[in-house]
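This report goes through one protein chain, beginning with a single strand and its partners and then moving out to the sheet and the whole chain.

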Amino acid sequence: KQNENDGVQTIPIRVELPGHLRTLASIPGPIAVPVSSPATIGGVLDAIEAKYPMLRGTIRDHHRGPRRPYIRFFGAEQDLSFQEYDSELPSAVATGSEPLLIVGSISGG
């Protein structure tokens, strides 16, 4: 989708958030956020924080820092948690075929 104001192409990225973050932001289910092409993890996080400011600092440290412990990113059956924020998303996620999953993990045993 072409943005009329600045000529930048944006694409809607589907995102599934963990239940506790959906509750915090009063989001009933999966969301879609517009991200500039090429779609990156950082672009998705920027878009989420812009649309839902109450989530700033919950997925990653404030000011675009590292992801929070126990938060993981998955897309197209790949663990994207340790990729750089400027890494492009898998094509299935970037085209909207599959969502980007942001998952709250647990530890212990």
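## Strand S3 and its partners

In this predicted model, strand S3 is joined to strand S5 (residues 100-104) by four bridges, and the two strands run antiparallel. Within this pairing, Arg72 has Val103 of S5 as its bridge partner.

Strand S4 (residues 78-79) is also antiparallel to S3, with two bridges between them. Phe74 stands opposite Asp79 of S4, and Gly75 stands opposite Gln78. The two strands make a hairpin with two residues between them. In that turn, Ala76 has a positive phi of about 50°.

## The two faces of S3

In a regular strand the side chains alternate between the two faces of the sheet. Strand S3, residues 71-75, shows such an alternation. Ile71, Phe73 and Gly75 point to one face and are buried. Arg72 and Phe74 point to the other face and are not buried.

## The sheet and helix H2

S3 and S4 belong to an open sheet of five strands, in the order S2-S1-S5-S3-S4, with mixed pairing. Strand S2 (31-36) and S4 stand at the edges; each has a single partner strand, so one side of each is left without a neighbour in the sheet.

Helix H2, residues 41-51, packs on this sheet. H2 touches strand S1 (10-16) as well as S2, S3 and S5. The direction of H2 makes about 120° with that of S2.

## Aromatic rings and charges

How many aromatic pairs does the count come to? It comes to zero, with ring centres having to lie within 6.5 Å to pair.

Rings do, however, have charged groups over them. The charged end of Arg67 sits over the ring of Phe82, at 4.6 Å from its centre. Arg60 lies over the face of Tyr85, and here the value is 5.5 Å from the ring centre.

## The chain as a whole

The protein chain has three helices and five strands, which follow the pattern β-α-β-α-β-β-α-β along the sequence. The neighbouring pair of β elements in the middle of that pattern is S3 and S4.

The chain has 109 residues, and 39% of them count as buried. The exposed surface is about 6500 Å², of which carbon and sulfur atoms supply 51%. Among contacts with a separation of 6 or more, residues 24 or more positions apart account for 51%.

Notes:
Residues are numbered from 1 along each chain as its sequence is written. This is a predicted model: local features need pLDDT of at least 70, side-chain atom pairs count only at pLDDT 80 or more; totals for chains, interfaces and linings use all residues. Side-chain values use heavy atoms; hydrogens and water are left out. Buried means under 20% relative accessible area, exposed over 50%, partly exposed in between (1.4 Å probe, protein chains only). Two strands pair if DSSP finds at least two bridges between them. Rings of Phe, Tyr and Trp (its six-membered ring) pair if their centres lie within 6.5 Å; planes under 30 degrees apart count as stacked, over 60 as edge-to-face and the rest as tilted. A charge sits over a ring if NZ of Lys or CZ of Arg is within 6 Å of the ring centre and within 35 degrees of the ring normal. Contact means heavy atoms within 4.5 Å. Accessible areas come from the Shrake-Rupley method with a 1.4 Å probe; for residues, only the protein chains shown count as cover. Axes are lines fitted to C-alpha atoms, for helices over the stretch in contact, and angles run from 0 to 180 degrees between N-to-C directions.
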